[in-house]
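Let's walk through this model together, starting where the chains meet and then turning to the backbone. Keep the viewer open as you read.

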Amino acid sequence: MAIVMDADRISRSLTRIAHEIHERNRGVGDLAFVGIRARGVPIAARLAADLRQIAGVDVPTGALDITLYRDDLMRTSVAPQPVVRRTEIPFSIDGRHILLVDDVLYTGRTIRAALDALIDYGRPNAIQLVVLVDRGHRELPIRADYVGRNIPTSRQQSVQVRLLEIDGRDEVEVEG
Amino acid sequence: MSAITALRSRNLLGIADLTPDEIELVLETALAMKEIGTRPIKKVPTLRGRTVVNLFFEASTRTRISFELAEKRLSADTLGITTAGSSVVKGETLADTARTLEAMAPDMIVVRHAASGAAQMLARVCRASIINAGDGTHEHPTQALLDAFTMREAKGRLAGLRVAIIGDLQHSRVLRSNAQLLTKMGAEVRACGPATLLPLGLDRLGVHVTSSMDAALEGADVVMMLRLQHERMHGLYLPSVREYFVQFGLTPQRLERAAPDAIVMHPGPMNRGVEIDSAVADGPWSVILDQVANGVAVRMAVLYLLAGGDAEA
């Protein structure tokens, strides 16, 4: 239905967020990006690239699969299990400032699961949340520190983020 | 990437029931599970509140420990029932135990039993998901899955691999499960053992059968040695253990016939100096300890996949 962000808008949003991250974490040595699979991973990689251009710093990037931490697993006895993908965090998160990255912030349940998963890897000094789209309707006390765009939606709608690396093009579409 | 996202059955009774896509799904899920073992906190909350019963009617150390660790890493509550002695009338004991267990409403039952078909029988009477951890001389599906995982880890593929499985073929459920899995995935399987320990109908599993060890080893990418199962031998199968080693024991010299980068596997426990020379078991070819480590990851994958509902529901 409605394309609410095109490739250019996505790119400018991410560059702005990279500037904000640089601004807010000035002097913080140990930053690291952790992208939530699937689409948080390429977004984290793009932010890392932007940050390299802006500040000349190399920020390590990891990928987190939250499937095994979902709160809707095992609730129904009829649905098949979601597919588990690999978590790859090739650095210690102890003492770091972690920038947790996802495409859409909605109920907050994915982020709750991601926080639980992250804590199992160590004890970061801080975790900040980066999302490309905040569509509202939170069910848990969670908010984002960096938002690409706030998009008011109804619960009946769905928000599709498409990224070049996974879907072949960059756009955000609100359906329904 | 696997073409499917769920298994069709809620039980894992044997490799015979699995499609190549399902095998692929288990192996891929196991890859994600293996990473959990490298974390500071080696535990995920996935099976919290689920009860898994480990029902072992036969001696087992590594399979039982491996399942237990897999269950604990997924946060399941586990209950171990080990019954020594297999001289009791098996069908009756098993059925009675099954009924008792059902009353405790476990979600999954991992079963090992000396009678072939024990897992099938349990699956018929129990509401819980049944995982076969070895039934008589029939199947040992998680062993074949962890062997395949280990082969793929070392060789990058299964299709086209030349796999020699050598030893006591007659009593080996490991052979039956492996032969089926490997042929389904496009590997070439050669089975080799003394003529007195060759079961009938092996060629129907799609494997090449030979009693020449040198022929089996020629150019093999994977050499899997099977344990001589004294406890299942109630007849005169072999002149002596010593003669068995001379004919079918794997030594470094013998291994020269295999591919230069061949790997050596053994489902354990090993009889050193019977089917395998210590120099091989501890040598650079050996991936025997990788098999043990991978067993936990593969069993976690199976437990996770079976805990969900049916794909068709």
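How many salt bridges does the rule find across the interface of chain A and chain B? There is one, and it is worth pulling up on your screen. Its partners are Glu28(B) and Arg85(A), whose side chains come together with an N to O distance of 3.9 Å. The cut-off for such a pair is 4 Å. On the side of chain A that touches chain B, the residues split into twelve nonpolar, four polar and three charged. Polar contacts between the chains add up to six residue pairs, counting those with both residues at pLDDT 80 or more.

Now step back to the interface as a whole. Chain A brings 19 residues to the contact, and chain B brings 27. Together the two chains bury about 2000 Å², with 60% of that area on carbon and sulfur atoms.

Remember as you go that this is a predicted model. Its scores are ipTM 0.84 and pTM 0.91. For chain B, the mean pLDDT is 90, and 93% of the residues reach 70 or more.

Next, let's look at chain A by itself. Four helices and eight strands make up its secondary structure elements, and in sequence order they run β-α-β-α-β-β-α-β-β-β-α-β. Along the principal axes, the C-alpha atoms of chain A occupy a box of roughly 50 × 35 × 30 Å. How does the radius of gyration fit in with this? A compact globule of 176 residues would come out near 16 Å, and chain A has 16 Å, so the value agrees with that expectation.

Finally, here are some backbone details to find. Most peptide bonds are trans, and most residues other than glycine have a negative phi. With that in mind, try chain A at the bond from Arg37(A) to Ala38(A): this peptide bond is cis, with omega near 5°. Ala38(A) sits in the loop that links strand 2 (31-36) to helix 2 (40-55) of chain A.

Chain B has a cis peptide bond to visit as well, joining Gly268(B) and Pro269(B) with omega about -10°. You will find Pro269(B) in the loop between strand 9 (263-265) and helix 10 (278-281) of chain B.

Which sign does phi take at Ser75(B)? The value is positive, near 70°, in a residue other than glycine. Ser75(B) belongs to the loop between helix 2 (62-73) and strand 2 (77-82) of chain B.

Definitions and conventions:
Residues numbered from 1 in each chain as written. Chains lettered and ligands numbered in written order. Heavy atoms only, no water. Contact = heavy atoms within 4.5 Å. Buried area = accessible area lost by both parts, 1.4 Å probe. Polar contact = N/O pair within 3.5 Å; in protein donor to acceptor, adjacent residues only side chain to side chain. Nonpolar A, V, L, I, M, F, W, Y, C, P; charged D, E, K, R; others polar. pLDDT = per-residue confidence, 0-100. Helix = DSSP H or I, 4+ residues; strand = E, 2+ residues; numbered from the N terminus. Rg over C-alpha atoms; globule rule 2.2 N^0.38 Å.
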